[in-house]
Amino acid sequence: MNILILGSGQLARMMALAGYPLGLHVAAVDVNARNVVDPLTKLVSDKSLIQALVEADAISVEFEHIPQDLLEQVNATGKLKPSIESIMAGADRVKEKALLSGLNIANCPYKIVTDINQLDEAVVQLGEKLIIKASRDGYDGYGQWRLSSVTQLAELKLQLSELDLQKVPLVVEKMLCFERELSLVGVRSANGEIAYYPLAENLHHQGQLHVSVAPAPHVNEALNQQAQDVFNKLAHALGYVGVLAVEFFQMGDQLLVNEIAPRVHNSGHWSMQGADTCQFENHLRAISGLPLGATTVLKPTAMINIIGCDDFSKDILSIAGSHLHLYGKTVRAKRKMGHLNVSADSYAELGKTMQALAQYLP
Ligand code: ADP
Ligand code: MG
């Protein structure tokens, strides 16, 4: 079977790697150049985009920020999974909030701002500690601004005055003091079968994911059920097929949805070593109409992102249970270059192993 992925970064690469043993051939589309590339070598194919769209048995995405005309062109083939509505909801925070509110899914208090002066109302409504997010094209904390005191408001308004908020509104959120961040990665097949990975606990730094631990420790049945209920509501409402990730903030015993990602997700990378079937394989299985694979956890596993560097010692692999996944990218500040997965028999062991790993990473 031929699978075509819109986007040619590390997620397409890891899907390609997972596809080989199943006889699934994964090609990727560079959505800027609009050409077809090999997700492993990045070599441009002599196949045209049109040809690849015709030959593909299923088409999916590795990220949600796909130019609208391309997304519509692909959707017209009838092969796009998940649905175009799912991808658009993940790409546009205004649509995402409408989806969550429409389904009565608890999320972060917010205000949509289409005129810079509405920021004053946002402060009145939500308080002076705010996180301001461009409704489109943000990722890894890019396209976000923080307000920690009303005294910074004038300067922030000046800074944002160049944005066209009629075209790309801001979603202004109350800065929450949550206990921790969790995410649920799950997968739904075309016939409605659902499999969930356990909740992962995620540590972010400056808006970017650094570490995930799965299964998240101290998760009771009620918390787990809340997360799965949210997943089910979203997956059913969207007629979802494939892997869907839901990011949560835990406030006491309540989960608030932060955002959704209609694709394989960084907080699911641990599953490459820690689960029976990894998220990449399960996404391919779902969009190809194959039975889903078991999501059973093998061992507690941590995923550590390697960010902005590639000059660490490969002796890191001498640490028992560690596995390195490099993406073959050139180094840039804040760029995700790869990740390490490390598994252990217990959380205590995992903690020790992570300390040992930290010595190798800058
Ligand atoms: P991105 O698309 O860049 O992942 P997110 O909305 O997930 O954007 O924000 C990135 C990170 O910023 C979150 O994982 C969280 O750590 C922090 N963050 C986002 N929204 C809030 C909020 N309302 N309150 C506190 N922290 C937040
Ligand atoms: Mg996020």
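Here are some notes on this predicted model, taken region by region.

1. Let me start with the sheet. Four strands make up an open sheet, and reading across it the order is S3-S2-S1-S4, with mixed pairing. The edges belong to S3 (35-37) and S4 (58-61); each has a single partner strand, so one side of each has no neighbour in the sheet. From one strand to the next the twist averages 30 degrees.

2. Which sense does the pairing of S1 and S4 take? Strand S1, residues 2-6, runs parallel to S4, and the two pair over 4 bridges. If you want a spot to look at, Leu4 sits opposite Ile59 in S4. Helix H1 (residues 10-19) packs on this sheet, where it touches S1, S2 (25-30) and S4. The direction of H1 makes about 165 degrees with that of S2.

3. Next, the pair H3 and H4. Helix H3 covers residues 68-75 and helix H4 residues 84-91; their axes come within 11 Å and cross at roughly 160 degrees. An angle over 145 degrees counts as roughly antiparallel, and H3 and H4 are therefore roughly antiparallel to each other. H3 passes H4 in a right-handed crossing. On the H3 side the contact is made by Gln68, Leu71, Glu72 and Asn75, and on the H4 side by Ile84, Ile87 and Met88. By type, the residues of this contact divide into 4 nonpolar, 2 polar and 1 charged.

4. H4 deserves a second look. How many of its residues are buried? The count is 7 of 8, so H4 is mostly covered, with buried meaning under 20% relative accessible area. The buried residues are Ile84, Ser86, Ile87, Met88, Ala89, Gly90 and Ala91. What do they pack against? Their partners are S4, H3, helix H5 (93-102), H8 and strand S14 (254-261). That list brings together the edge strand S4 from point 1 and the helix H3 from point 3.

5. There is also a long-range pair to check here. Ser86, one of the buried residues of H4, lies 9.3 Å from Ala237, C-alpha to C-alpha, with their positions 151 residues apart in sequence. Ala237 belongs to helix H8 (residues 221-238), and H8 is among the elements that the buried residues of H4 pack against. Is Ala237 itself buried, exposed or partly exposed? Its relative accessible area is 46%, and it is partly exposed because that value falls between the 20% and 50% cut-offs.

6. On to the other helix pair, H6 and H7. Helix H6 (residues 118-126) packs with helix H7 (residues 153-160) at an angle of about 135 degrees, and their axes are 11 Å apart. H6 and H7 are therefore oblique to each other. Their crossing is right-handed. Leu119, Asp120 and Val123 of H6 meet Leu153, Lys157 and Leu160 of H7. The residues of this contact divide into 4 nonpolar, no polar and 2 charged.

7. Now for the backbone oddities, beginning with peptide bonds. As background, most peptide bonds are trans, and most residues other than glycine have a negative phi. Lys81 and Pro82 are joined by a cis peptide bond, with omega about 0 degrees. Pro82 is in the loop between H3 and H4, the two helices of point 3. A cis bond also joins Ala214 and Pro215, where omega is about -10 degrees. Pro215 is in the loop between strand S12 (208-214) and H8, the helix that holds Ala237.

8. Last, phi. Lys42 is not a glycine, yet its phi is positive, at about 70 degrees. Where is Lys42 found? It is in the loop between S3 and helix H2 (49-55). With a relative accessible area of 34%, Lys42 is partly exposed. Lys334 likewise has a positive phi, about 65 degrees, although it is not a glycine. The loop that holds Lys334 runs between strand S16 (322-326) and strand S17 (336-343). Lys334 counts as partly exposed, at 28% relative accessibility.

Methods
Residues numbered from 1 in each chain as written. Chains lettered and ligands numbered in written order. Predicted model: local features only at pLDDT ≥ 70, side-chain atom pairs only at ≥ 80, totals over all residues. Heavy atoms only, no water. Buried < 20%, exposed > 50% of the residue type's maximum accessible area, 1.4 Å probe, protein only. Pairing = 2+ DSSP bridges. Axes fitted to C-alpha atoms, helices over the stretch in contact; angles between N-to-C directions. Contact = heavy atoms within 4.5 Å. Parallel < 35°, antiparallel > 145°, perpendicular 65-115°, else oblique. Left-handed = near helix turned anticlockwise from the far one by under 90°. Nonpolar A, V, L, I, M, F, W, Y, C, P; charged D, E, K, R; others polar.
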